[in-house]
Amino acid sequence: MTVTEILTFPTSEAYRTDQSIVKPFAEAIVGSPGLISIHHGLQIEDPAVGYLFVIWESLEAHQALRNSPAQGPLLATLKPLFAGPPISVIHAKFGADPTAALNAPVTELVVSTLKEGSSFEAISDILTKMAYTELPTILGGAYGPAVEIERTFMMVAGWESVEAHREVGKVLTPDKLELLGALRAQGDSVVRHSKLSKA
């Protein structure tokens, strides 16, 4: 199963000014066994925060790189992007390919801590009933648990714009709105948006 590494970091002024400075990192990591794709960009709500999404064929493929001599030089290529240490590094086991959501004009990222009594199975059941990938204006989505953090649910969804995401609630049928409420009740969520580019 693929795993998506989600690196959240404080952005340097250089990266905010010119996101193409990610190129040395992309060139250094391309060809790593198990690497599928790299996406990066600024958070829309706060451009002082950036994201790096790296899709791997497996968690083991990423761990093999981390344990190799290439890791040090590779991390050095990321330094120009960072204004400080990474905010978080999370691996998500999405149940579907997240590429469409990451390639969309705007990508929604949801990090949710499950409440007592809630479960991944309950969330999956709600999203299946919602047929969330068929919601108006959605451009793909994927969800699944975080590897490192217990009872943490991750989701990405693609939209034409932040406004398109916010407006979707106005066109949902009553039954879908009820399911959306049930979904929100499952956990305490942080929702952010980003404009990502493929490296």
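**Helices and strands here are DSSP runs: at least four residues for a helix and at least two for a strand.** With that rule in hand, you can count 8 helices and 8 strands in the protein chain. Keep in mind that this is a predicted model.

**The overall build of the protein chain, from its span to its radius of gyration.** The C-alpha trace stretches about 55 × 35 × 25 Å along its principal axes. Does the radius of gyration agree or disagree with a compact globule? It agrees, because a compact globule of 199 residues would come out near 16 Å and the protein chain has 17 Å.

**Inside and outside of the protein chain.** Of the 199 residues, 47% are buried. On the outside, about 9,900 Å² is exposed, and carbon and sulfur atoms supply 56% of that area. Now for the charges: the protein chain has 15 positive and 22 negative ones, and their mean positions sit 3 Å apart.

**Contacts across the sequence.** Take the contacts with a separation of 6 or more: 77% of them link residues 24 or more positions apart.

**A close-up of Thr4 in strand β1.** Strand β1 covers residues 3–10, and Thr4 is part of it. Is Thr4 buried or exposed? Thr4 counts as buried, because its relative accessibility is 1% and the cut-off for buried is under 20%.

**Who does Thr4 touch?** Leaving out residues up to four places away in sequence, Thr4 touches Phe53, Val54 and Ile55, then Ile90, His91 and Ala92, plus Phe94 and Pro98.

Key
Residues are numbered from 1 along each chain as its sequence is written. This is a predicted model: local features need pLDDT of at least 70, side-chain atom pairs count only at pLDDT 80 or more; totals for chains, interfaces and linings use all residues. Side-chain values use heavy atoms; hydrogens and water are left out. The radius of gyration is taken over C-alpha atoms; the globule rule is 2.2 Å times the number of residues to the power 0.38. Buried means under 20% relative accessible area, exposed over 50%, partly exposed in between (1.4 Å probe, protein chains only). Contact means heavy atoms within 4.5 Å. Accessible areas come from the Shrake-Rupley method with a 1.4 Å probe; for residues, only the protein chains shown count as cover. Lys and Arg count as positive and Asp and Glu as negative; His and the chain ends are not counted. The place of a charge is taken as NZ of Lys, CZ of Arg, CG of Asp or CD of Glu.
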